[in-house]
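Dear colleague,

Please find below the structure that I am handing over to you, together with its sequence. My notes on it follow directly after.

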Amino acid sequence: MMIIMKSNATPQQVETAIHAVKAAGLNVHLSQGVEATIIGAIGETHNIPTEIFEGLDGVETVQRITQPYKLASRQFHPENSVFPIDGFQVGGNDIVVVAGPCSVESRSQIIETAQAVREAGANALRGGVFKPRTSPYSFQGLGEEGLEYLAEARELTGMPIVVEIMSQTQLEVMLKYVDVLQVGARNMQNFNLLRAIGETRKSVLLKRGLSATIEELLMSAEYILAGGNKQVILCERGIRTFETATRNTTDINAIPVLKNLTHLPVLLDPSHSTGHADYVAAIARAAVAAGADGLIVEVHPDPARAVSDGKQSLKPEKFAEMVRQVKAIAEVMGRRIAPIKKPVTVGW
Ligand code: PEP
Ligand code: MN
């Protein structure tokens with residue numbers, strides 16, 4: 001439930017209310033917005049009468065959060081969550097563009113791609129080093145060697161790096177290198193992994209599961225938020241339907257639905273949601289028109305030779321064209337693509 005404090009409540013009154021929540025055996029999640037201070041009382045609340053908090057000094061009202069996800073709900077946190085990722089803000093008015101190859105394949109491949117996407121206007125670099133492949137015989141990723149190449153690419157371009165984590169055993173090495181932990185579709189309900197990430201204070205990009213409902217996605221976000229990690233970004237990446245013309249079906253509906261249900265930023269991945277390079281720009285434009293806070297796009301200097309997801313990867317020049325189009329759509333929406341930082345190294 002939410003204990004909404006009066007606008008003139010004193011710090012002492014907030015403290016007393018927090019104490020009462022803890023005494024009732026509930027966890028406290030404080031949300032100090034511009035409009036109001038809200039104390040989230042999270043746990044098994046159904047047997048606890050709201051009256052025990054309503055009578056306290058400084059309390060305006062007490063409301064039950066009706067959705068099964070609490071901290072992720074817009075009811076609990078009416079304003080958009082906005083947080084910084086090395087050089088830009090996510091969740092605010094600016095639209096962020098994350099781009100890079102499906103997999104890090106070599107030092108030269110990731111550095112070349114990083115430079116190209118950076119020049120085209122990308123804000124962050126993606127690249128997988130632990131790959132969730134359908135076949136155990138397919139390329140599984142370069143592991144820590146790949147992280148070192150990504151770190152070098154970050155150093156050269158100034159772009160933060162977004163990398164998928166598949167298990168808790170990878171957490172230690174990932175925390176050493178990455179700026180944003182990506183939880184892939186196949187691990188959206190790996191609850192032990194979500195809990196472990198919830199204990200960190202690293203930003204997370206949580207992708208929707210292959211056949212997960214929007215509510216299930218939000219429940220997974222709740223696992224991370226419940227651990228105290230508030231920097232959760234959601235990502236629609238297409239869902240399984242009967243349609244076979246595309247790899248997945250982009251659930252464009254998910255964007256306005258999520259923006260309505262949650263305060264968390266919402267990105268769209270037009271690469272995995274379509275599976276075809278030819279359709280990526282169209283869906284990227286649609287996503288921004290639908291209110292997405294950003295895009296994550298696969299780009300490869302030579303898609304025909306990519307070790308994974310080449311079919312859906314854009315060549316750098318096609319990606320640059322996509323960014324130009326998305327910029328125009330963003331403007332119509334009263335938004336803009338987040339400006340890029342000055343490069344750390346020039347003339348290379
Ligand atoms: C990826 O980003 O390369 C990836 C594996 O995505 P997803 O988890 O959405 O399939
Ligand atoms: Mn991929």
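The paragraphs below set out what was found, beginning with the metal site and ending with some backbone details. Please bear in mind throughout that this is a predicted model.

**The manganese site**

The manganese ion (ligand 2) has four kinds of protein donor atom around it, from Cys 102 (SG), His 272 (NE2), Glu 298 (OE) and Asp 309 (OD), at 2.0 to 2.4 Å. Along the chain these donors follow the spacing C-x169-H-x25-E-x10-D. Within this set, His 272 belongs to helix H9 (residues 270-274) and Glu 298 to strand E14 (residues 294-298), so that the pair, 26 residues apart, links distant parts of the chain. Glu 298 counts as buried because its relative accessibility is 0%. His 272 is likewise classed as buried, at 9% relative accessibility. Asp 309, for its part, is placed in the loop between E14 and helix H11 (316-332). Although Asp 309 is not a glycine, its phi is positive, at about 55°.

**The surroundings of His 272**

His 272 deserves a separate paragraph. Its side chain makes a polar contact of 3.0 Å with the side chain of Asp 309, and another, of 3.2 Å, joins it to the side chain of Gln 312. Beyond its neighbours within four places in sequence, His 272 is in contact with Arg 126, Lys 207, Arg 237, Arg 247, Asn 248, Glu 298, Asp 309 and Gln 312.

**Ligand 1**

Which residues are the closest to ligand 1? Of the 13 residues that surround it, the closest are Arg 126, Ala 185, Arg 186, Lys 207 and Arg 237. An oxygen atom of ligand 1 lies 2.7 Å from a side-chain N or O atom of Arg 237. For Lys 207 the corresponding separation is 2.9 Å, and for His 272 it is 3.2 Å. The protein covers 97% of the 290 Å² of accessible area that ligand 1 has on its own. His 272 therefore appears in both settings, as a donor of the manganese ion and with its side chain 3.2 Å from an oxygen atom of ligand 1.

**Arg 247 and Thr 274**

Arg 247 is found in the loop between strand E12 (232-236) and helix H8 (254-261). With a relative accessibility of 37%, Arg 247 counts as partly exposed. Its side chain and that of Gln 312 are joined by a polar contact of 2.8 Å. Leaving aside neighbours within four places in sequence, the contacts of Arg 247 are Arg 186, His 272, Thr 274, Gly 275, Asp 309 and Gln 312. The C-alpha atoms of Arg 247 and Gly 275 are separated by 4.7 Å, although the two residues are 28 apart along the chain.

Thr 274, one of these contacts of Arg 247, lies in helix H9. Thr 274 is buried, with a relative accessible area of 2%. Among its contacts outside the four nearest places in sequence are Thr 246, Asn 248, Thr 250, Tyr 279, Val 280 and Ile 283.

**Nonpolar cores and helix H6**

The largest nonpolar core holds 78 residues, and Leu 206, Phe 319 and Met 322 have the most contacts inside it. Not counting residues up to four places away in sequence, Met 322 touches Val 280, Ala 281, Ala 284, Leu 295, Val 297 and Leu 314. Another core, of 16 residues, lies apart from the largest one and includes Val 14, Ile 18, Val 21 and Val 62.

In helix H6 (residues 191-198), the buried residues are Leu 193, Leu 194, Ala 196, Ile 197 and Gly 198. They pack against strand E9 (161-165), helix H5 (171-177), strand E10 (180-183), strand E11 (203-207) and helix H7 (214-226).

**Two loop residues**

Ser 167 is located in the loop between E9 and H5. A polar contact of 2.5 Å joins its side chain to that of Thr 169.

Asp 86 lies in the loop between strand E5 (83-85) and strand E6 (88-90). Its phi is positive, at about 20°, although the residue is not a glycine. Asp 86 is partly exposed, with a relative accessible area of 39%.

With kind regards

Methods:
Residues are numbered from 1 along each chain as its sequence is written. Chains are lettered from A and ligands numbered from 1 in the order in which they are written. This is a predicted model: local features need pLDDT of at least 70, side-chain atom pairs count only at pLDDT 80 or more; totals for chains, interfaces and linings use all residues. Side-chain values use heavy atoms; hydrogens and water are left out. Helices (H or I, at least four residues) and strands (E, at least two) are DSSP runs, numbered from the N terminus. Buried means under 20% relative accessible area, exposed over 50%, partly exposed in between (1.4 Å probe, protein chains only). Contact means heavy atoms within 4.5 Å. A polar contact is a pair of N or O atoms within 3.5 Å; within protein, one must be able to donate a hydrogen and the other to accept it, and residues adjacent in sequence count only if both atoms are side-chain atoms. Donors are N, O and S atoms within 2.8 Å of the metal (3.2 Å for Na, K and Ca); water is not among the atoms, so sites may look incomplete. A residue is near a molecule or strand if one of its heavy atoms lies within 4 Å of it. Accessible areas come from the Shrake-Rupley method with a 1.4 Å probe; for residues, only the protein chains shown count as cover. A nonpolar core is a set of buried Ala, Val, Leu, Ile, Met, Phe, Trp, Tyr and Cys residues joined through side-chain atoms within 4.5 Å.
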